[in-house]
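Here are my notes on the model you asked me to look over, set out as numbered points. Please read them with the structure open beside you.

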Amino acid sequence: MNILQTEFEGLYVIEPKVFKDDRGFFYESYSDKAFAEKGLKFDFVQDNHAKSTDTGVIRGLHYQKPPFDQAKLVRVTKGAVYDVVVDLRQSSKTYQKWFGIELSGGNFKQLLVPRGFAHGYLVLKPETEFLYKVDNLYSKESEGGILWNDPTLQIDWMVAKPLLSDKDAKLPLLAESLGIFP
C-alpha cells in the first residue's frame, strides 16, 4: 500500500496493491498497521455508503463542526467521481485552498481527509458507489457546508448545471465557514 502525502498537511492519496487475475481482483482497502507505519492513527467508528444513479451529481461540500469534526477515508467501489476537499484550518499553509482527484472503481485510489476540511464530489459515471470511513459520529446540529460553486474557491467542477439536493443548493459561501477550525 502506497500512502502518498499531498501538498496539504495530513491529506494523503492511498494507492493499494491490487492483485488481479482472470477471476477478478483482491486488495487490502485499509490497514491499521500500514497507516501506523506512516504515523497515522485513526479510530474509525462508522462506515458510510452512497450511491448516485446519474452523472453530474454533486454531493457537498460538507463538513462537521467541532467537537463532531471528522477525518474520512474515502473511496469508490463502482463508477467514478471527481473528489474535492477544501482546507478550512486557519493554521494551515493551504488554508482556503482546494485539492481534487479522480477516484474510481478502476483506479482503486483512496483519499485520507483529515479533520478541518470540507468535502464533496462530482459523479462522473452512472451507478457510482462511494464508501467512506469516519473517525467521529455524525451530528445533525454540527453540519456545515460550502456552496459548490463559491466564486472565491474557483473549483473546476467540469459541469455547469449539476444535480444537487435542495440542501446542497442552499449551502452558504466560504466566508461563513471561516474561523471554525483552528
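1. In this predicted model, Leu112 belongs to strand S10, and this residue is buried, with a relative accessible area of 0%. If neighbours within four places in sequence are set aside, Leu112 is in contact with Gly10, Leu11, Tyr12, Ile14, Phe35, Leu40, Phe42, Phe44, Lys72 and Leu73. As a distance to check on the screen, the C-alpha atoms of Leu112 and Val134 are separated by 10.0 Å, and these two residues are 22 residues apart along the chain.

2. In what order do the strands of the six-stranded open sheet lie? The order is S1-S2-S10-S7-S12-S5, and the pairing is antiparallel. Strand S1 (2–5) and strand S5 (46–52) stand at the edges, where each has a single partner strand, so that one side of each is left without a neighbour in the sheet. From one strand to the next, the twist averages 20°. As general background, the strands of a sheet pair through backbone hydrogen bonds, in either a parallel or an antiparallel way.

3. At the S1 edge, S1 and strand S2 (residues 12–15) pair in the antiparallel sense over four bridges. Ile3 lies in strand S1 and stands opposite Ile14 in S2. Is Ile3 buried or exposed? Its relative accessible area is 6%, and because the limit for a buried residue is under 20%, Ile3 counts as buried. Not counting residues up to four places away in sequence, Ile3 touches Tyr12, Val13, Ile14, Ala34, Phe35, Lys38 and Leu40. By contrast with these contacts, Ile3 and Arg89 are 22 Å apart in space, C-alpha to C-alpha, and 86 residues apart in sequence.

4. Another antiparallel pair is formed by strand S3 (residues 18–21) and strand S4 (residues 24–27), which four bridges join. A hairpin of two residues leads from S3 to S4, and within the pair Lys20 stands opposite Phe25 in S4.

5. The largest nonpolar core deserves a careful look, since nonpolar side chains in soluble globular proteins tend to be buried together. This core has 18 residues, and those with the most contacts inside it are Leu11, Val85, Phe99, Leu103, Leu111 and Phe130. Two or more residues each come from strand S7 (72–78), strand S8 (80–87), strand S9 (98–104), strand S10 (110–113) and strand S11 (117–123). A second, separate core has 17 residues, including Leu61, Leu147, Trp148 and Trp157.

6. Phe130 can be followed further, again leaving aside neighbours within four places in sequence: its contacts are Asn48, His49, Ala50, Val74, Arg75, Val76, Val81, Asp83, His119 and Tyr121.

7. For the protein as a whole, there are two helices and 13 strands. The radius of gyration is 16 Å, close to the 16 Å that the globule rule gives for 182 residues, so the protein is as compact as a globular protein of that length. Taken along the principal axes, the C-alpha atoms fill a box of roughly 50 × 35 × 30 Å.

8. Finally, 47% of the 182 residues count as buried, and the protein exposes about 9500 Å², of which carbon and sulfur atoms supply 50%. Among contacts between residues at least 6 apart in sequence, 78% join residues at least 24 apart.

Key: Residues numbered from 1 in each chain as written. Predicted model: local features only at pLDDT ≥ 70, side-chain atom pairs only at ≥ 80, totals over all residues. Heavy atoms only, no water. Core = buried A, V, L, I, M, F, W, Y, C linked by side-chain atoms within 4.5 Å. Buried < 20%, exposed > 50% of the residue type's maximum accessible area, 1.4 Å probe, protein only. Contact = heavy atoms within 4.5 Å. Pairing = 2+ DSSP bridges. Axes fitted to C-alpha atoms, helices over the stretch in contact; angles between N-to-C directions. Rg over C-alpha atoms; globule rule 2.2 N^0.38 Å. Areas by Shrake-Rupley, 256 points an atom, 1.4 Å probe, with all protein chains shown as cover.
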